[in-house]
Amino acid sequence: PGAAPVAAAPRAAAPAEAHARRLAQLVNASRSWSAGSGRMAPHMHVAGYARRPALDARPLSAEVATDAGRTLDVLRWSMTVAGALVILVSLLLAANREALTLLVLRKGRPSRSKCQPRFVLGEVFDPADIAIGHSYEFVDEGEAPGAFSVWDGTVAAFSCIVGTGLLAMPYAFSLAGMGATVLVVFFVGCSLYTGHLLSWSMHQLGTFSLGSLVEEAFGSRARRATNAFLVVELWGYMLSSLVCGSLNVAQLGEGIDTRIAVALCTISVYFMSFLPSRVMTRVNVLANLSFIVCCAMFVFTGLRLPERPPPTDLQVVKPHGLIAAAGILVFSPAAHSFYPALMGKMADPAAFPICLRRAYGAACVLYLAVAVSGYYLFGNRVQPSAVMNIGVDLSLSPLPDLGWMNPVAAFGMCIKMLALATLVLSSLTSTIESSLSGGLGKGEGDGLRAAITPGVLAISAVVATRFAHEMASLLNLIGSVFCMNIAFVIPVMCFWRLSPEPLGWARRAGFVALITMGVTFAVLGFCSAV
């Protein structure tokens, strides 16, 4: 009679051992990634995740394991029912989102003394439409919901440019040496230039849809292919943000199931999508500050190290690591898939290049500050993600009095990932709406548009819940192939095709170099991911 509990203990401990083996595989895989889109590998960016003592955990008794399983089942069913209710309610509210925003924000009736167009993604702005009131509202200047000022646009662009790719930059410097500084400045400059080409082309055509821009340049088939590229890339960003955010939530609360964490993050992102632009700007500022605090803790840990890396680690140039480092650095500033939606929300779309210049300038300073200091302090011991070095020494052993850094870093990463996922959701739904705008009638289109946001989040949550620990390679593949084409190939080709004046030989040579660079890094990223 007494043998039953003893026999049940190994079976109860089996899930913990399997989880520990899966963690070890993820850690080994993250160390082997030498190129590719660092921001698309969510398991790399969880503070203390690889150091959780899963192997040393005591086996659970049969009674405790049964009670814990029942509790988790109740929580899972509760979150499932709550999510279903949120989706059902959202179907009723999504169509009236702007009316709800006006109800909350407006203090008085709108004045008709000033007119400000409400741009619809994919439609061409025609001043003659104002006379008949087509797709435009008469509102007070500066009060239109969704209208970005230059400051709002700068903060949103900075939030898209400065993502988890920043956390992989010190590791890139350990591969290439201090000479990687030139690579950072070069890739930031190239991304800024192609971003200018993209915004100029869209502004000249009066469209804020990348698909419409490509259709004008290369036809309807190219538009469908581009929209498919854009949807896949943005959906990859959505999955990456949800998984990274949920893993940090699980890190904050020991024992929280990954599926529950994914559900919490998904519901949070959905409700954040209703926030007006001014409130969302404050959220993005808070998220960026939280992310900078994580980077500051990384540098502070380096200053508290009991021993310094050997001088031989710090080199000016490491020729054998330049290609691998370039494969990491080129992805961080390439956030072009977000720009059409952001530009379409601007109160003055012509001012969007100003937002890009300010955002890229600030991002370049932050890139170099974190990467150079991280490489100088940690040498070749810097990890593929800087959060792995927070609170530990060069051998990854915890430092005394710095144990508080892991939960703080996890909390900061949660805020950053939720804010980024909200920006991704806005761009993704806008792209899907633009793709469907021409093929459906008004009644069908309105009903489908109302279901896009909850539908995208529901599908993303299911995929993230089911494959949270297995999707790193898939996300890295998506980021490598699609990000490079949308950032460096499509903007250059569209500008080249739509330019009203013939281009000189020097500019054509530069364009060919940019296209070649985008295709080359897409191929290298594909090979690295596969």
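Here are a few exercises, with worked solutions, on the predicted model shown above.

**Exercise 1. Get the overall layout**

Find how many helices and strands the protein chain has, and what share of its residues is buried.

Solution:
- Start with secondary structure: the protein chain has 18 helices and zero strands.
- Next, burial: of the 530 residues, 51% are buried.
- Then look at the outside, where the chain exposes about 23700 Å², with 66% of that supplied by carbon and sulfur atoms.
- Finish with contacts: among those with a separation of 6 or more, 84% join residues 24 or more positions apart.

**Exercise 2. Pick apart the nonpolar cores**

Work out which residues have the most contacts inside the largest nonpolar core, and which helix gives the most to it.

Solution:
- The largest core holds 122 residues, and Leu 166, Tyr 339, Tyr 367 and Met 484 have the most contacts inside it.
- Helix H15 gives the most to this core, with 15 residues.
- Now zoom in on Tyr 339: leaving out neighbours within four places in sequence, Tyr 339 touches Ile 161, Gly 195, Leu 198, Pro 333, Phe 352, Leu 356 and Tyr 360.
- Don't miss the second, separate core of six residues, which includes Leu 239, Val 262, Ala 461 and Ala 464.

**Exercise 3. Explain an enclosed helix**

Say why helix H6 counts as largely enclosed by the rest of the structure.

Solution:
- H6 runs over residues 169-176.
- Go through its buried residues: Met 169, Pro 170, Tyr 171, Ala 172, Phe 173, Ser 174, Leu 175 and Ala 176.
- That's eight of eight buried, so H6 is largely enclosed by the rest of the structure.
- Just past the end of H6, Gly 177 adopts a positive phi of about 85°.

**Exercise 4. Hunt for salt bridges**

Search the whole structure for salt bridges and classify the partners as buried, partly exposed or exposed.

Solution:
- The search turns up one salt bridge.
- Glu 215 pairs with Arg 223, and their closest N and O atoms are 2.9 Å apart.
- Glu 215 has a relative accessible area of 32%, so this residue is partly exposed.
- Arg 223 comes in at 15%, and buried means under 20%, so Arg 223 counts as buried.

**Exercise 5. Track down a surface patch**

Identify which residues make the nonpolar surface patch of about 260 Å².

Solution:
- The patch is made by Val 293, Trp 404 and Val 408.
- Val 408 sits in helix H15, residues 405-436.
- With a relative accessible area of 35%, Val 408 is partly exposed.
- Patch members need over 30% relative accessible area, and Val 408 has 35%.

Terms used: Residues numbered from 1 in each chain as written. Predicted model: local features only at pLDDT ≥ 70, side-chain atom pairs only at ≥ 80, totals over all residues. Heavy atoms only, no water. Patch = residues over 30% accessible without salt bridge, like charges linked within 9 Å, V, L, I, M, F, W, Y side chains within 5 Å. Areas by Shrake-Rupley, 256 points an atom, 1.4 Å probe, with all protein chains shown as cover. Salt bridge = Lys/Arg side-chain N within 4 Å of Asp/Glu carboxyl O. Helix = DSSP H or I, 4+ residues; strand = E, 2+ residues; numbered from the N terminus. Buried < 20%, exposed > 50% of the residue type's maximum accessible area, 1.4 Å probe, protein only. Contact = heavy atoms within 4.5 Å. Core = buried A, V, L, I, M, F, W, Y, C linked by side-chain atoms within 4.5 Å.
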